[in-house]
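Q: I'd like a close look at one small part of this model, and then a walk outward from there. Here's what I have in front of me.

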Amino acid sequence: MNIFIVPLITIFIINILFYLIFFRKKPLSLQNWITIFFFPFILVMIIPYHQVERFFLNRLAGFLPVFSINSILVIVELILLSVSLLFLLKVTKKSGIELFRYFLLIGVGLGCGRFFRNVILVWYHPLSSFFGYGQFSNFITGFFIAQEILQILIVIVSSGFLGIGLMRLTKKQHSAGIMSIIFAFCILEIDALVQVLFQYVPSFAFFSAVYVISILPLLFILGGVFLWISYRRQEKKELETKKASTDVVSDSSVS
Amino acid sequence: MATETLKYSIISRDLVLGEMFYEIETIDQKIIIRSFFVTNQSEEPQKDIELIINREDLAPKLSKKWLKISEGEITIEAQYSQEKVDVILESPYGKKETSLKITESTFDMEQIFFLPSLENSGKFIDRQFPVLVPASGMIWSGKILKVDEDENSVLLKYTLAGEILYLQYEKAVPYRLLTMKAPNRGYDLILKDEMK
């Protein structure tokens with residue numbers, strides 16, 4: 001059982017930090033937190049992700065086919081995020097940009113679920129969890145934990161973009177909404193592409209040396225900055241719309 | 001008892017990075033294949049694999065691989081019996097063991113390159129077979145397709161776990177591996193000479 005202590009502590013710390021950063025001022029009940037967090041967490045664990053990967057890798061080989069398999073798996077993750085976001089709307093009574101923090105919480109749930117699934121696979125799979133395009137890992141090391149934490153952060157950013165994108169679509173901001181969804185896809189796809197590149201294209205093999213220390217942090221920082229800009233824009237837009245509608249109401253009451 | 005040594009150049013982007021040696025020894029009913037390599041950086045030969053195969057049915061008996069990492073050495077050993085294989089992985093991070101069920105036709109990943117010379121039939125047919133990759137403790141489906149041939153050689157495309165290898169063999173006995181091109185690994189092996 002000791003083997004799960006480090007990953008479980010990591011997931012616990014991530015939740016505490018996330019709560020302190022985003023929910024300290026406007027707290028969320030523990031029951032709602034657990035419901036919103038565990039829905040994507042469980043969802044990503046029950047999808048037979050590795051069996052799907054193995055099925056395809058037994059039939060296809062080479063850079064482009066493996067990259068396509070990878071892209072399919074990214075789309076599967078986005079579908080899981082979308083399902084979780086729809087579930088969120090049923091659980092919480094919030095609407096509009098207020099939901100932003102909850103979109104990120106969905107990302108925390110899915111990212112932590114993915115992390116825990118990988119931990120279980122490292123220990124319960126005969127020898128290693130990763131095969132095919134995944135990074136080779138037989139034991140849970142500090143480096144493995146660091147990589148998983150950075151990947152959780154990337155899933156959080158992607159979930160934020162997806163949430164904003166879907167929200168924009170419901171508000172009939174079609175082009176901005178589609179752009180946000182594309183960003184949500186791109187951030188996961190770039191991570192997937194880098195992994196395939198360093199495994200299948202020898203001239204990019206050096207990526208494996210800088211993947212955890214440079215590529216993942218850079219992806220998170222850039223994605224995070226763009227997400228924050230999108231969030232601020234959407235917030236501003238909603239405030240303007242609210243103000244405009246209040247003005248209309250006050251004008252009509254005066255007349 | 002007979003021993004044959006094959007020497008290959010390890011080539012990447014037209015640069016010779018080192019040499020790979022395969023020692024094939026036949027003792028009674030066993031074929032033992034050992035490989036080691038030297039790189040331009042170190043003249044000290046490094047152990048790569050040791051493989052023991054049953055001469056009659058070509059079933060693998062034992063496979064051992066050594067890998068050097070910055071923290072030390074990883075050894076992966078696969079001990080085959082009739083219906084199962086025990087894989088033991090030892091590394092600076094710890095030890096792991098597993099047992100897997102196998103079918104009669106399961107090959108070890110390392111023996112595939114020598115299949116034509118071991119079978120000694122001269123038939124380079126398209127086929128699919130289960131292959132154990134000891135490092136991951138998984139059995140994958142290996143596929144061989146004949147893609148080209150000329151007067152002296154045959155070119156096969158071998159795919160395993162998403163990776164592609166191009167293997168060129170002599171068309172005549174002893175069906176030696178002439179070149180191995182690994183586009184996903186970034187290096188090729190080219191037969192240099194044979195020492196007896």
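In the hairpin of β13(B) and β14(B), how many residues lie between the strands, and which residue takes a positive phi?

A: Six residues lie between the two strands, and B:Y175 is the one with the positive phi, near 55 degrees. Before going further, keep in mind that this is a predicted model: local features need pLDDT of at least 70 and side-chain atom pairs count only at pLDDT 80 or more, while totals for chains, interfaces and linings use all residues. Residues are numbered from 1 along each chain as its sequence is written, and chains are lettered from A and ligands numbered from 1 in the order in which they are written.

Back to the hairpin. Strand β13 covers residues 163-170 of chain B and β14 covers 177-182; the two run antiparallel and are joined by four bridges. (Strands are DSSP runs of E, at least two residues long, and helices are runs of H or I, at least four, numbered from the N terminus; two strands pair if DSSP finds at least two bridges between them.) One bridge links B:Q168 to B:T179 in β14(B). The loop between β13 and β14 also holds B:P174, and the peptide bond leading into B:P174 from B:V173 is cis, with omega near 10 degrees.

For contrast, look at another hairpin in chain B. It connects β7(B) to β8(B) through two residues. Eight bridges hold together β7 (residues 84-91) and β8 (residues 94-101), again antiparallel, and B:L89 stands opposite B:K96 in β8(B). One more loop deserves a glance, the one between β1 (2-12) and β2 (15-27) of chain B, where B:D14 lies. B:D14 isn't a glycine, yet its phi is positive, near 65 degrees. B:D14 counts as exposed because just 6 other C-beta atoms lie within 10 Å; the cut-offs are 12 or fewer for exposed, 20 or more for buried, and partly exposed in between, with C-beta atoms placed from the backbone.

Step back to the whole of chain B, and you find 15 strands and one helix. Its radius of gyration is 17 Å against 16 Å from the globule rule for 196 residues, so chain B is as compact as a globular protein of that length. (That radius is taken over C-alpha atoms, and the rule is 2.2 Å times the number of residues to the power 0.38.) Buried residues come to 28% of the 196. Of the contacts in chain B with a separation of 6 or more, 33% are between residues 24 or more positions apart; a contact means C-beta atoms, placed from the backbone, within 7 Å.

Chain A is built from eight helices and zero strands. There, residues 24 or more positions apart account for 76% of the contacts with a separation of 6 or more, and 35% of the 255 residues are buried.

Helix α6 of chain A (residues 142-170) is a good one to follow. At 1.5 Å a residue its 29 residues should span 42 Å (the rule multiplies 1.5 Å by one less than the residue count), and its end C-alpha atoms are indeed 42 Å apart. In α6(A), 22 of the 29 residues are buried. The largest nonpolar core has 49 residues, and A:L153, A:I154, A:V157 and A:F161 are among those touching the most other members; α6(A) gives the most to this core, with 14 residues. (A nonpolar core is a set of buried Ala, Val, Leu, Ile, Met, Phe, Trp, Tyr and Cys residues joined through C-beta atoms within 7 Å.) Apart from it lies another core of 23 residues, including B:Y169 and B:F114.

After α6(A) comes A:K172, in the loop between α6 and α7, with a positive phi of about 65 degrees although it is not a glycine. A:K172 is exposed, with 7 other C-beta atoms within 10 Å.

Finally, the two chains meet: 18 residues of chain A are in contact with 21 of chain B. On chain A's side, that's twelve nonpolar, six polar and no charged residues, where Ala, Val, Leu, Ile, Met, Phe, Trp, Tyr, Cys and Pro count as nonpolar, Asp, Glu, Lys and Arg as charged, and the others, Gly among them, as polar.
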